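New notebook page. I'm going to poke around this one and jot down whatever I look up.

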Amino acid sequence: MKPICGAYPLLFAFFAGIIALQPQRARAQSAAIAPVRGEITEAGKATPLPGAVLRWLFDAPEASDPVVTASSDGSGRFSITRPARAASRLVVQALGYRADTVAVAATGAPYLRVALRPGQELSEVTVTARGPSYSALTPANVQVISSRDLTKSACCNLAESFETNASVEVTTSDAVSGAKQIQLLGLDGSYSLLTVDNQPALRGLAAPYRLGYLAGPWIDNIEIIKGTGSVVNGYEAISGQVNVKLKEPEKTDQLLFNAYVNDLGKFDLNLNTSARINPKWSTVLLLHSDHLSNRVDRNQDGFLDLPLATQFNAFNKWKYQSGHGVVSEVGLGALRETRQGGQMSFRDTGEAAFLANYGTTQATTRYTGYAKTSYTWLSRPFQSLGLLLSGTSHDFTSRYSYGYDTYTYEPNLPPKATTNRSMRDYNGTQRTGLGTLLFQSVIGNTAHVYRAGLSFLYDDYQERLTSGRTYLFEGPQENFTRRELVPGAFAEYTYQNSRNLTLVAGLRADRHNLYGWQVTPRLNVKYDVAKNTVLRLAAGRGFRVANPIADNASLLVSAREFNISPNLRPERAWNVGGSATQYFTVLGRPATFVVDYYHTEFDNQVVADMYTAARYVFIDNLGAGGRSFARSLQGELQVEPVKGLQVKGAYKYLDVRTTYDGVLLPKPLTPKHRGFLNLGYASAFDKWRGDFTVQWFGQRPLAHISSTHVHGTGQEYTPETSPRYALLNAQLTRGFKRLDVYAGVENLANYRQANPIESAANPFGPTFDAAMSWGPVYGRLTYLGLRYRIE
């Protein structure tokens, strides 16, 4: 193990000692030290009440008694510290509701459910507030993109949901397919766990296009978690987790219709409809369709700037709440998508069309389903048992035109090259099933919470990549088939004192049928140095089985030949880091400053080497003695200098390097420096909203297929880099009672990558490459849309 990993056992041993000591200290103190937690709702509706204020009352008040208050968060939940001198009554108040006084037991730390009745005198007053995007309560470093933030850009799908966020970069995979990928902490999206409603989703073969499979209007909010996170969600998170929360049946609008069109001719339609059938049953239906049939080539390179594409997507969620501790939820989804890219002259009329002109086609059919059931003990509301089941069927076919040269040799003459035209077919199926049984309770009181459970993962992958050449791999077959059966067990302990410390330590063990036992330890610590100063520490290990073709699908739109090792091992990495968050005021208004640093070190990584031989991509394990790491440093400031004006500015430094053929080189297409600025203004009653975003990108290392440089093992090499550039986006929204009309411009300065497709004039030649895409292809984009809602 590398030197950096040697510190981790000591780190875990140190915090394990803290865990062991805390129960002893807790027994020595009064049981009342544990904070009181609970939730506040509106009576008769079970609707969460954010912003409610809680305050302790003393039976025999003294002048020295402290004033202890708290407020409920966006989900109506609260946690309030109990004073040293036991108090027995808690006053709960919310604007527009009748105040209530709740009796609290003198010992223990109960979970309270408080229902407030509306006050008649303020029945027509609506109060809204913007919460901080960086949570002050969670032990992990969590940033929330709210539903309001999602309306600051076009947000037609998940890929466009991060345009006003500095933590996640969204990159275009190549200049032909139009697929987009995220980067978190400098690592590709395959190293961050994507979950939907806290369940792993869109994994494996769905990775190349998964950001387009979730429509923006379906999303309630997005949680970005940096670091390895919780063991409850599995072992695959290495750089972090992106959790997408879809609209809840009992909370969302009865109707939401969203229509979008841009000047490329692409349109999106979304329809969300929900119904509260009775106090126990509710449902929401989410529908999405997008279509682009207009052939656009603004840079005049003979290729479509965006592929022709059509998608139909539907998701239906049902929820049951018994009122006696049982909550059940069932969801079903279906998707069908087709894409066609390549030269302007390409038409998909059969095999001959792929040999006459360069073209690509993809067709995807996907079905998903899940069921969640939980039971909460009425007499012990902090104790629950849950069963989560999910299944996925993912099928796709794709075809790519492909060209290569063969050479004939004659005595005393230079080699004679002959260009050959062929096709690549990449097809695959994935069947996934996941089951998790989870139990949660406390040890003594709610200062000590534990979760434990069992899980089982079933993955069946079948892939086939064929080419007109003999074969693409070192092995004798072109088929990639594997079946993973992974039973596992996990446990997680959370300690929270009544003042300033929260600690979450987790451990899971999984028995992989192909790779044996995998042990995953993780730790998150939050320490409140002062009232408005929060420090966090995170450390943990991640494990994943790579999908070498799906993870590098962008390279299929190039003349590179794939050379894949038949002995690929799982990827394993340690991630350690932390953050400091400072909340303060500027001119009497809230502001936040956050700085974080994370280091990811791979024990093994499946490396796609495009440096060693320019016309090949070698996919193999990290070499003996080699290193692969990612370092991420980010600072972000959020302020409201004047009422209604929100300002966010951030800078990020990335150092991502891997050993290629004995040389430690920067990872291609990852910028070392990135700047971000977002200005958002909202007038009174949100009648007018305007947003302006600047994203600045530093130089990116490139690995051109036409490079004449060939370095030997261990030789120094300085890659070519892309130029620096900035993207400017703006949007203006006019709000009415039920209707929002918005218009916007992306890439306001009309910046374009000069040569997004190398050798575009000769796509069947040996130097054709559309995978080195680092900047915009089609330039400025204008759009218009509307949102109509019935609450």
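In what order do the five strands of the open sheet come? I read it off as β9-β15-β16-β13-β14, and the pairing is mixed. I should keep in mind that I'm looking at a predicted model.

**Sheet edges.** Next I checked the two ends of that row. β9 (141-145) and β14 (199-200) are the edge strands, and each has a single partner, so one side of each has no neighbour in the sheet. A reminder to myself: strands in a sheet pair through backbone hydrogen bonds, and they can do it parallel or antiparallel. For β9 I looked up the details. The strand joined to β9 is β15 (residues 219-226), with five bridges between them, and the two run antiparallel. I picked out one bridge as an example: Asn141 is partnered with Lys226 in β15.

**One residue, Leu184.** I wanted to follow a single side chain, so I went for Leu184, which is in strand β11. Is Leu184 buried or exposed? Its relative accessibility is 0%, and buried means under 20%, so Leu184 counts as buried. Then I asked which residues Leu184 is in contact with, leaving aside neighbours within four places in sequence. The list includes Ser167, Val168, Ser192, Ile224, Ile225 and Lys226. So Lys226 turns up again: this is the bridge partner of Asn141, and Leu184 is in contact with it too. Gln241 is also one of the contacts of Leu184. Those two are 57 residues apart along the chain, yet their C-alpha atoms are separated by 8.8 Å.

**Cavities.** I searched the whole structure and found seven cavities of 30 Å³ or more. I looked into the second largest, which has a volume of about 800 Å³. It is lined by 47 residues, and the closest to its centre are Asp188, Asp551, Asn552, Ser554 and Lys667. Which strands each supply at least two residues of this lining? They are β10 (168-172), β11 (180-184), β12 (187-188), β33 (606-609), β35 (628-639) and β36 (645-660). β11 is the strand where I found Leu184. By type, the lining divides into 26 nonpolar, 14 polar and seven charged residues.

**Zooming out.** Last, the whole protein. I counted three helices and 44 strands. Of the 791 residues, 55% count as buried. For contacts between residues at least 6 apart in sequence, 67% join residues at least 24 apart. The accessible surface comes to about 33500 Å², with 57% of it belonging to carbon and sulfur atoms.

Technical notes. Residues are numbered from 1 along each chain as its sequence is written. This is a predicted model: local features need pLDDT of at least 70, side-chain atom pairs count only at pLDDT 80 or more; totals for chains, interfaces and linings use all residues. Side-chain values use heavy atoms; hydrogens and water are left out. On a 1 Å grid over the protein atoms alone, a cavity is a set of points where a 1.4 Å probe fits but cannot get out, and a pocket is an open set with protein on both sides within 12 Å along at least five of seven lines; lining residues have an atom within 4 Å of a point. Grid points are joined across faces, edges and corners, and a volume is the space filled by probe spheres set on the points. Helices (H or I, at least four residues) and strands (E, at least two) are DSSP runs, numbered from the N terminus. Ala, Val, Leu, Ile, Met, Phe, Trp, Tyr, Cys and Pro count as nonpolar, Asp, Glu, Lys and Arg as charged, and the others, Gly among them, as polar. Two strands pair if DSSP finds at least two bridges between them. Buried means under 20% relative accessible area, exposed over 50%, partly exposed in between (1.4 Å probe, protein chains only). Contact means heavy atoms within 4.5 Å. Accessible areas come from the Shrake-Rupley method with a 1.4 Å probe; for residues, only the protein chains shown count as cover.
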